[in-house]
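Work through the following exercises with the sequence and the structure side by side. Each task is followed by a solution that goes step by step.

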Amino acid sequence: MYRLSARPTFAGLAAVLLTGLPALAVSSATPARAAAPACSAPLAPARSVTGVPWAQRRYAPERLIPLATGAGVTVAVIDSGVDGRHPQLRGRVLDGADFLDPGGDGSRDCAGHGTGVASIIAAASVDGVAFHGLAPRARILPVRVSEQQVVEGRESGRTVGAADFARAIRWAVDHDADVLNLSVVLYADNPAVREAVSYAVRRDVVVVAAAGNLHDNGDPRPYPASYDGVLGVGAISPDGTRAAFSQAGSYVDLVAPGSDVLMAAPEQGHHRAEGTSYATPFVAATAALVRQYRPELSAPEVARRIVGTADPAPGDGRGGYGAGVLNPYRAVTETGAAATAGARGAAALPADRPDPALLAQRARRAAARDRALLVAGVTGAAVAAAVLLTLVLPRGAGRGWRAAGPA
């Protein structure tokens, strides 16, 4: 999880990184491509891990694959970049943008954070490796805003300032993101970021953000997780209890695995890490699954489904669990009142006038819905044919008929 701020706002909080960075020359247009500088401290090679990670055992994503894989849904990962060279991410990472070093396409990851987040969402299955993403056919739109790392317990490295973070959000929305994954925290309410998040919400984008890792520092209010219309995500450990670092507050809508989480490392291999950063992509991936399976749903409706289908938290449900523990299978499949329970501030902010980008996105959703109805119609015809065959084949068997194919 990265912390971005214009300035520290209260005593006792660990130093907030990169105050007063000069604004980068970026706009809603794709930045011009140029050779990006190499990482100053390349990450050490990582080995592949073959075992099944605990989060995957919990969610059994193979149950979801026949229903939804995230196909056709774009998830923007606004982070440290995403290395699409990893075998499990090849073909899943789009050309993005670099707001830290202008000219890049978001594919350079000097920290490993964004690659790990993206893999939790969309890593493909490969032979010999049990780990894969929860929405393995989603498209990842990488937007690079940081190269921050934790070295010997201390954060170091560059991040953009809040103004450029806001520009990065707008860029992702303008480049057709359906879901925003924000494993980033500011501990100050920045007007530019607030408006950028509102811009995303008005344009029917599901916004998911980390709730922060400073529980021991008094749970300072995190942004964007605290903004209306944003799903704020806390972390649980393998035993289902809230991770000790995971913040507690009204901004936590639900929790997901965030301790000892397995993920892809840049270029190859895997590593484990912890933080609400890594709980967030489980929720973003679930949003991608729901957006594929139920294309007619608006972003607020998707958010309500995800919150309304969360599993009850252990014990009395207090202490930073929000509505409970993410359940992707229920979010995709469940119907009824539970699936539409209200999420905090999930209603879209009203637009002052019709927006061309929003109208275009709604048109795409309508087209996706029409395709879904067509598939349903074809499936219905196939079912009717199957019923007819149940009447015909028994009679045919008496006449010596046999189904085509090997005996």
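**Exercise 1. Place P224 in the fold, and describe the peptide bond that leads into it.**

Solution. Begin with the location: in this predicted model, P224 sits in the loop that runs between strand 9 (206–210) and strand 10. Then turn to the backbone, where the peptide bond from Y223 to P224 is cis, with omega near 10°. For background, most peptide bonds are trans.

**Exercise 2. Find where A60 and D260 lie, and state the sign of phi for each.**

Solution. Take A60 to start with, which is in the loop between helix 1 (54–59) and strand 2 (74–79). Its phi is near 40°, a positive value in a residue that is not glycine. With a relative accessibility of 17%, A60 counts as buried, because the cut-off for buried is under 20%.

Next comes D260, whose place is in the loop between strand 11 (254–257) and strand 12 (261–264). D260 is not a glycine either, and its phi is positive at about 55°. The relative accessible area of D260 is 35%, so this residue is partly exposed. As a point of reference, most residues other than glycine have a negative phi.

**Exercise 3. Identify the cysteines that form a disulfide, and work out which parts of the chain they tie together.**

Solution. The count comes to one disulfide, and the pair in question is C39 and C110, with sulfur atoms 2.0 Å apart. C39 belongs to the loop between strand 1 (2–3) and helix 1, while C110 belongs to the loop between strand 3 (97–98) and helix 2, so the bond ties together parts that are 71 residues apart in sequence. The handedness follows from the torsion about the S-S bond, which is about -85°, so the disulfide is left-handed. As for exposure, C39 is partly exposed at 22% relative accessibility, whereas C110 is buried at 4%.

**Exercise 4. Which residues does the UniProt entry list for "active site", and how are their side chains joined?**

Solution. The unreviewed UniProt entry lists D79, H113 and S277 under "active site". Although these residues are spread over 199 residues of sequence, they cluster in space, with a largest C-alpha distance of 9.9 Å.

Now follow the side chains. H113 and D79 are joined by a polar contact of 2.6 Å between their side chains, and the side chain of S277 makes a polar contact of 3.0 Å with the side chain of H113.

Then place two of these residues in the fold. H113 is found in helix 2 (residues 113–122), and its relative accessibility of 7% means that H113 counts as buried. S277 is found in helix 5 (residues 276–293), and at 0% relative accessibility S277 is buried as well.

**Exercise 5. How many residues of helix 2 are buried?**

Solution. Helix 2 is mostly covered, since 10 of its 10 residues are buried. Among them are H113, G114, V117, I120 and I121. To read this helix in the picture, recall that an α-helix has 3.6 residues a turn, so residues three or four places apart point the same way.

**Exercise 6. Describe the surroundings of A235, using its element, its accessibility and its contacts.**

Solution. A235 is part of strand 10 (residues 230–236), and it counts as buried because its relative accessibility is 0%. When neighbours within four places in sequence are left aside, the residues in contact with A235 include T241, F245, V255, G258, G275 and A279. A further distance concerns S259, which is 24 residues away from A235 along the chain, while their C-alpha atoms are separated by 7.0 Å.

**Exercise 7. Which residues have the most contacts inside the largest nonpolar core, and which helix gives the most to it?**

Solution. The largest nonpolar core has 59 residues, and those with the most contacts inside it are I121, F282, V283 and I306. Helix 5 gives the most to this core, with 10 residues. Apart from it lies another core, of 35 residues, which includes A76, L180, V197 and Y199. To finish, consider I306 by itself: with neighbours within four places in sequence left aside, I306 is in contact with L231, L254, V283, T286, A287, L326 and A331.

Key
Residues numbered from 1 in each chain as written. Predicted model: local features only at pLDDT ≥ 70, side-chain atom pairs only at ≥ 80, totals over all residues. Heavy atoms only, no water. Helix = DSSP H or I, 4+ residues; strand = E, 2+ residues; numbered from the N terminus. Buried < 20%, exposed > 50% of the residue type's maximum accessible area, 1.4 Å probe, protein only. Contact = heavy atoms within 4.5 Å. UniProt positions renumbered as here; feature names shortened; annotations may be inferred. Polar contact = N/O pair within 3.5 Å; in protein donor to acceptor, adjacent residues only side chain to side chain. Disulfide = S-S within 2.5 Å. Core = buried A, V, L, I, M, F, W, Y, C linked by side-chain atoms within 4.5 Å.
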